[in-house]
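Please report on how the charged side chains and the strands of this model are arranged. Keep it brief, and tabulate the salt bridges.

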Amino acid sequence: MSIPPPPEVIYVDTPQVACDGGEGPLGHPRVYLKFGASGKVECGYCDRQYILKGGPSDDRQKAA
């Protein structure tokens, strides 16, 4: 049994994102997602995680 890869993480600077799972046969219907207080939202179809740049869940600068 193999371990699936972690979900893709995408950093954005808009308060709403549209996810369609990418191009090709692995795509899904386009859904619109809004960030909550955490500054992070996950797509229910493909598990992509979207993180608001500079938001509470953006830990890229904290690690530096």
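Arginine 30 is exposed, at 52% relative accessibility; exposed means over 50% relative accessible area, buried under 20%, and partly exposed in between (1.4 Å probe, protein chains only). The model is predicted, so local features need pLDDT of at least 70 and side-chain atom pairs count only at pLDDT 80 or more, while totals for chains, interfaces and linings use all residues. Residues are numbered from 1 along each chain as its sequence is written, and side-chain values use heavy atoms, with hydrogens and water left out.

Arginine 30 sits in the loop between β2 and β3. Strands here are DSSP runs (E, at least two residues) and helices likewise (H or I, at least four), numbered from the N terminus. Leaving aside neighbours within four places in sequence, arginine 30 is in contact with Ala18, Cys19 and Asp20. Contact means heavy atoms within 4.5 Å. Tyrosine 45 is 15 residues from arginine 30 in sequence, and their C-alpha atoms are 9.6 Å apart.

**Salt bridges**

Side chains of opposite charge can pair when their charged atoms come close. The whole structure holds 3 salt bridges, each defined as a side-chain nitrogen of Lys or Arg within 4 Å of a carboxyl oxygen of Asp or Glu.

| Acidic residue | Basic residue | N to O distance |
|---|---|---|
| Glutamate 8 | Arginine 48 | 2.9 Å |
| Aspartate 20 | Arginine 30 | 3.6 Å |
| Aspartate 58 | Arginine 60 | 2.9 Å |

Take the pair of arginine 48 and glutamate 8, joined in a salt bridge. Arginine 48 lies in the loop between β4 (40–42) and β5 (49–52), and glutamate 8 in the segment before β1 (9–12), so this pair ties together parts that are 40 residues apart in sequence. Arginine 48 is buried, at 17% relative accessibility. Glutamate 8 is partly exposed, at 42%.

Next come aspartate 20 and arginine 30, which also meet in a salt bridge. Both lie in the loop between β2 (16–19) and β3 (31–34), so the pair ties together parts that are 10 residues apart in sequence. Aspartate 20 is partly exposed, with a relative accessible area of 28%.

Aspartate 58 is buried, at 8% relative accessibility. Its salt-bridge partner is arginine 60, which is partly exposed at 41%. Arginine 60 also lies over the face of tyrosine 11, at 4.0 Å from the ring centre. A charge sits over a ring if NZ of Lys or CZ of Arg is within 6 Å of the ring centre and within 35 degrees of the ring normal.

**Strands and sheet**

The protein chain has 0 helices and 5 strands. Its elements run β-β-β-β-β from the N terminus on.

How are the strands of the open sheet ordered? The order is β1-β5-β4, 3 strands with mixed pairing. Two strands pair if DSSP finds at least two bridges between them. β1 and β4 stand at the edges with a single partner strand each, so one side of each is left without a neighbour in the sheet. Neighbouring strands of the sheet are turned by 20° against each other on average, direction ignored; the axes are lines fitted to C-alpha atoms.

β1 and β5 pair in the parallel sense over 4 bridges. Valine 12 stands opposite leucine 52 in β5.

**Whole chain**

Buried residues make up 27% of the 64 residues in the protein chain. Among contacts with a separation of 6 or more, 33% join residues 24 or more positions apart.

Technical notes:
Axes fitted to C-alpha atoms, helices over the stretch in contact; angles between N-to-C directions.
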